Every structure is written in C-alpha cells, then in structure tokens.
Amino acid sequence: MQITASTVSLTVDDVAASQQFFTTHLGYVEQAAADGFASLSRDDAAMDIVLLARGTEVLSADQRDQHAAGLILAFTTTALAQEEERLRTQGVEITMPLREEPWGERLFQITDPNGVIVQFVEWVTPPGPQNA
C-alpha cells in the first residue's frame, strides 16, 4: 500500500464557519463545497480537511449526530512564536498560550468556531544530562 494523501473528516454544526476559519487563518483552500460539505487542502504537507454538517445523511446513522469532540488537530510547524503572534494579530483567540513541555515539545492551541481544537507544535531538544 502507498498512502498518497491524508484527510481528516470533521463533523461540525456550522460548516461555513469552520471553512472560513481554516481558509482565512490557516491557509487552506476550498477544493469542493456543497450544502453541508466542504473539502479543504493546502499546497504543503498539511492534512486535507473535510467538513461535514452534523445530521447529514451521507454519514451512517450511528455517526450522524456526533460532533468533532475529543480531537486535537495537530500541525508540526516552524517559527512557532511568529505563528502564534500572526494569529493573535488576526484576532484569533489563543486558547492555550505558547508553552514548552519537558520532553521538548513547544506548542500552542486555537479553537475554531465549532470547537475544533487546532494545535501547533515545534520540537526542540529537551533539556537534560543526555543532551549536555
């Protein structure tokens, strides 16, 4: 098997609100859209995103009323502090400010209008005797 692309499908209440958030602030571009549906992508290695309206019949009955919850959409990036500042300047609420974890992960989070948590990560060498 060869995987040629990765896509995450998110079930949300307001497709248009999430679509605007991802295209305005995160550089996604609409590939296709219809009532209750949007397919978004980027030119880089980022994961494609499909947004589906909750209750849509294209979903199986047991998934139809589920909401994208308990999910963190994480992107590994560079220039993390500048990205946080860019988003803050655009008026995006930073729901978890930039921080560094002891294992070497720097991260911050934002949340889209439908409650989808988007995390940006940059890896640094963790402090410790093994890295001295």
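This section describes the fold of the protein chain, its strand pairing and the setting of one residue, S39, in a predicted model.

The protein chain contains 2 helices and 8 strands, which follow one another from the N terminus in the order β-α-β-β-β-β-α-β-β-β. Along the principal axes, its C-alpha atoms occupy a box of roughly 55 × 40 × 30 Å. Of the 132 residues, 39% are buried. The accessible surface amounts to about 7900 Å², with carbon and sulfur atoms contributing 49% of this area. When contacts between residues at least 6 apart in sequence are considered, 46% of them connect residues at least 24 apart. The protein chain carries 7 positive and 19 negative charges, and the mean positions of the two sets lie 4 Å apart.

In the N-terminal part of the element order, strand β4 (residues 48-53) pairs with both β1 and β3. Strand β1 (residues 7-12) runs parallel to β4 and is joined to it by 6 bridges; within this pairing, V12 is placed opposite A53. The pairing of β3 with β4 is antiparallel and comprises 4 bridges, with A38 having L51 as its bridge partner in β4. These two strands, β3 and β4, constitute a hairpin in which 6 residues separate them. Strand β4 is mostly covered, 5 of its 6 residues being buried.

S39 is located in strand β3 (residues 37-41). Its relative accessible area is 18%, and S39 is therefore classed as buried, the cut-off being under 20%. Beyond its neighbours within four places in sequence, S39 makes contact with V29, E30, Q31, A32, I49 and V50. Of these partners, I49 and V50 fall within the residue range of β4 (48-53).

A further set of strands forms an open sheet of 4 strands, ordered β5-β8-β7-β6 and mixed in its pairing. Its edges are formed by β5 (72-76) and β6 (94-100), each of which pairs on one side only. On average, neighbouring strands of this sheet are turned by 15 degrees against each other, direction ignored. At one edge, β5 pairs with strand β8 (residues 117-123) in the parallel sense through 5 bridges, and T76 faces V121 of β8. Helix α2 (residues 80-89) lies across β6, β7 (105-111) and β8, and runs at about 15 degrees to β7.

Terms used. Residues numbered from 1 in each chain as written. Predicted model: local features only at pLDDT ≥ 70, side-chain atom pairs only at ≥ 80, totals over all residues. Heavy atoms only, no water. Buried < 20%, exposed > 50% of the residue type's maximum accessible area, 1.4 Å probe, protein only. Contact = heavy atoms within 4.5 Å. Pairing = 2+ DSSP bridges. Axes fitted to C-alpha atoms, helices over the stretch in contact; angles between N-to-C directions. Areas by Shrake-Rupley, 256 points an atom, 1.4 Å probe, with all protein chains shown as cover. Lys, Arg positive; Asp, Glu negative; His and termini not counted. Charge placed at Lys NZ, Arg CZ, Asp CG, Glu CD.
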